[in-house]
Amino acid sequence: GWQVSMKSGSLSYILPCNRLPVQLMSQVRVYTSNGQKKDLGSEDTNGSARGETLHKVETGRQDTTNAGQKQSSPKQPIQVKVKAVLKKREYGPKYTQNNFITGVRAINEFCLKSSDLDQLRKIKRRSPHDDTETFTVYLRSDVEAKSLEVWGSPEALARERKRRKEAEIKYRENLFRNQRLLWEYKEFFGNTKPRSSTAAMFFKGPGKVVMVAICINGLNFFFKLLAWVYTGSASMFSEAIHSLADTCNQALLALGISQSARTPDPSHPYGFTNMRYIASLISGVGIFMMGAGLSWYHGIIGLLHPHPVESLLWAYCILAGSLVSEGATLLVAINEIRRSARAKGLSFYQYVVQSRDPSTNVVLLEDAAAVLSVAVAATCMGLTSLTGNPYYDSVGSLGVGTLLGTVSAFLIYTNTEALLGRSIEPEQLQRLTELLESDPVVRAIHDVKATDMGMSKVRFKAEVDFDGRVVTRSYLEKQDIEQLLQEIQQVKTLEELEAFMLKHGENIIDTLGAEVDRLEKDLKQRNPDVRHVDLEIL
């Protein structure tokens, strides 16, 4: 018998055969016992490009005994290993058949009624909200089919969407008229809906401080204005303008406090907390323009065109009353800031510089400037009374303007920093990072960002590298292991293997989502300032 020797690289196979086809890459040759050779495939006459060759080896005559033994030995079967490959599915650039949508989206986007959804399959999924564990969703494919059943065709559905869109635009155009109608029926809606608790904000905390300051500064402006009309003092005019600016600015702060209490809406998902900072920023600009600007102007006019000052007795009395009232407001603001700083574990200076409560900060700085400006105005007016020189009074007006300009610059700087979104303190950020890294499900965290959103609200974001083994083990601990082993033993085909992996793979992904929710909940519970947590899976 003939033997075939096939070499490919460093591998060599010796296969006994009488008529055996051997395929190597693109060439096939057949060797027979009579020495004939047949080519069954295309072959390069110069040999294979890969250096592969086929050799015919003549063994010569063999002993009759050895030939008998070879003929009696059984032929070895050829074993070929076939690699099982699961066919790859092509989903295309857009695939939404497995998407879930909520009932609200189904009604709004596909123009359905709530009764239309009763006949569809309802699926319970993990809720993204903290107040509920699960919520009901629908398959997008089912909703699309139902919408076509209701409207008859995609064209009819598109026409209905267009009609509703036009109606929404029309409603927005008439929003002002609708607000007027709601205002007219305010009493009716007040009996059917809970009243807003915005008014309660002005009886405690920063709201109370602002309301006290508005009342006192309004009275101070009225009496200072009368004193200026009676005396003609430039310093008294500056004081009157100062009190007017304080009253207007604190009214603006009250507006900011009321607006910051509004609930978040789709256009402002993080709420309106920054309205306090916006109001304080505008207040700082107002102090600079109205307070500092007019005081400087009046002081310069007094230097250029001095005129004698009338009796200052009433001016001194009004300044004394203003000093007492402004001092009382200042003490209210100081006590409120001390209480808030103690609750946050900060010093008085840190609380003010970091602008933790912009409304109270404005009242504090305005009243502090008011007390100092009263002292400056009284001193300069006293020098004018003693010397009879009106220049001292004009210099006092310039001093009050400079003091107001300094306060306004500080308010503009601190509130601008808060609105830009500054990072939290490094110590607090380190605590949050250590809390995440100490969890067994977390391997590492990267790209950590913690932004102070204002009013003790922090947004935390991090890229988290999760340990898949711990997540899988957490899933397995909740399963019936014996039942799982039976499922594994029943897997015989590729289809059964695919179904098994898809089932448990989706459950493991749900387990990973549950771990993310757990970590976010722990961060919020241990750090009450953290209101929004975004953990992205790396």
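# A guided tour, starting at E336

Start by selecting E336, which is found in helix 10. Helices here are DSSP runs of H or I with at least four residues, strands are runs of E with at least two, and both are numbered from the N terminus. This is a predicted model, in which local features need pLDDT of at least 70 and side-chain atom pairs count only at pLDDT 80 or more, while totals for chains, interfaces and linings use all residues. Residues are numbered from 1 along each chain as its sequence is written, and side-chain values use heavy atoms, with hydrogens and water left out.

Is E336 buried or exposed? E336 is buried, because its relative accessible area is 9%; buried means under 20%, exposed over 50%, and partly exposed in between, using a 1.4 Å probe and protein chains only. Now show what E336 touches: G205, P206, V209 and T360, leaving aside residues up to four places away in sequence. A contact means heavy atoms within 4.5 Å.

**The whole chain**

Zoom out for a moment. The protein chain holds 17 helices and 12 strands. Of its 538 residues, 36% are buried. Take the contacts between residues at least 6 apart in sequence: 66% of them join residues at least 24 apart. The chain exposes about 33800 Å², with 58% supplied by carbon and sulfur atoms; this area comes from the Shrake-Rupley method with a 1.4 Å probe.

**The cores**

Next, select V210, L253, V363, L364, L404 and L411. These have the most contacts inside the largest nonpolar core, which has 29 residues. A nonpolar core is a set of buried Ala, Val, Leu, Ile, Met, Phe, Trp, Tyr and Cys residues joined through side-chain atoms within 4.5 Å. Which helices supply at least two residues each? They are helix 7 (205–231), helix 8 (234–260), helix 9 (275–304), helix 10 (313–344), helix 11 (348–353), helix 12 (358–387) and helix 13 (391–420).

Click on L253 to see one set of neighbours. Not counting residues up to four places away in sequence, L253 touches V210, A279, S280, S283, S359, V362 and V363. A second, separate core has 21 residues, including L435, V442, L519 and L523.

**The sheet of strands 10, 11 and 12**

Select strand 10 (442–452) and strand 12 (530–537), the edge strands of an open sheet, each pairing on one side only. Strands pair if DSSP finds at least two bridges between them. The sheet has three strands in the order 10-11-12, with mixed pairing. Its neighbouring strands are turned by 20° against each other on average, direction ignored.

Strand 10 and strand 11 run antiparallel and are joined by eight bridges. Look for I445, which stands opposite V464 in strand 11. In the hairpin of these two strands, with five residues between them, G454 takes a positive phi near 100°. On the other pairing, strand 11 (residues 458–466) and strand 12 are parallel over seven bridges, and R459 stands opposite H532 in strand 12.

While you are in strand 10, stop at D447. Its phi is near 50°, a positive value in a residue other than glycine. D447 counts as partly exposed because its relative accessibility is 39%.

**A crossing of two helices**

Now bring up helix 15 (residues 468–476) and helix 17 (residues 494–526), which pack at an angle of about 105° with their axes 9 Å apart. Axes are lines fitted to C-alpha atoms, for helices over the stretch in contact, and angles run from 0 to 180 degrees between N-to-C directions. The two helices are therefore roughly perpendicular, a label for angles of 65 to 115 degrees. Show the contact residues as sticks: V471, T472, S474 and Y475 of helix 15, and H504, N507, I508, T511, L512 and E515 of helix 17.

**The sheet of strands 7, 9 and 8**

For the last stop, find the open sheet of three strands in the order 7-9-8, with antiparallel pairing. Strand 7 (100–102) and strand 8 (123–126) each have a single partner strand, so one side of each lacks a neighbour in the sheet. The twist averages 55° from one strand to the next.

Strand 8 and strand 9 (residues 134–139) are antiparallel over four bridges; there, R126 has T134 in strand 9 as its bridge partner. Add helix 3 (residues 140–151), which lies across strand 7 and strand 9 and runs at about 55° to strand 9.

Finish at C111, in the loop between helix 2 (103–109) and strand 8. C111 has a positive phi near 55°, in a residue other than glycine, and counts as buried because its relative accessibility is 3%.

Methods
Angles under 35 degrees count as roughly parallel, over 145 as roughly antiparallel, 65 to 115 as roughly perpendicular and the rest as oblique.
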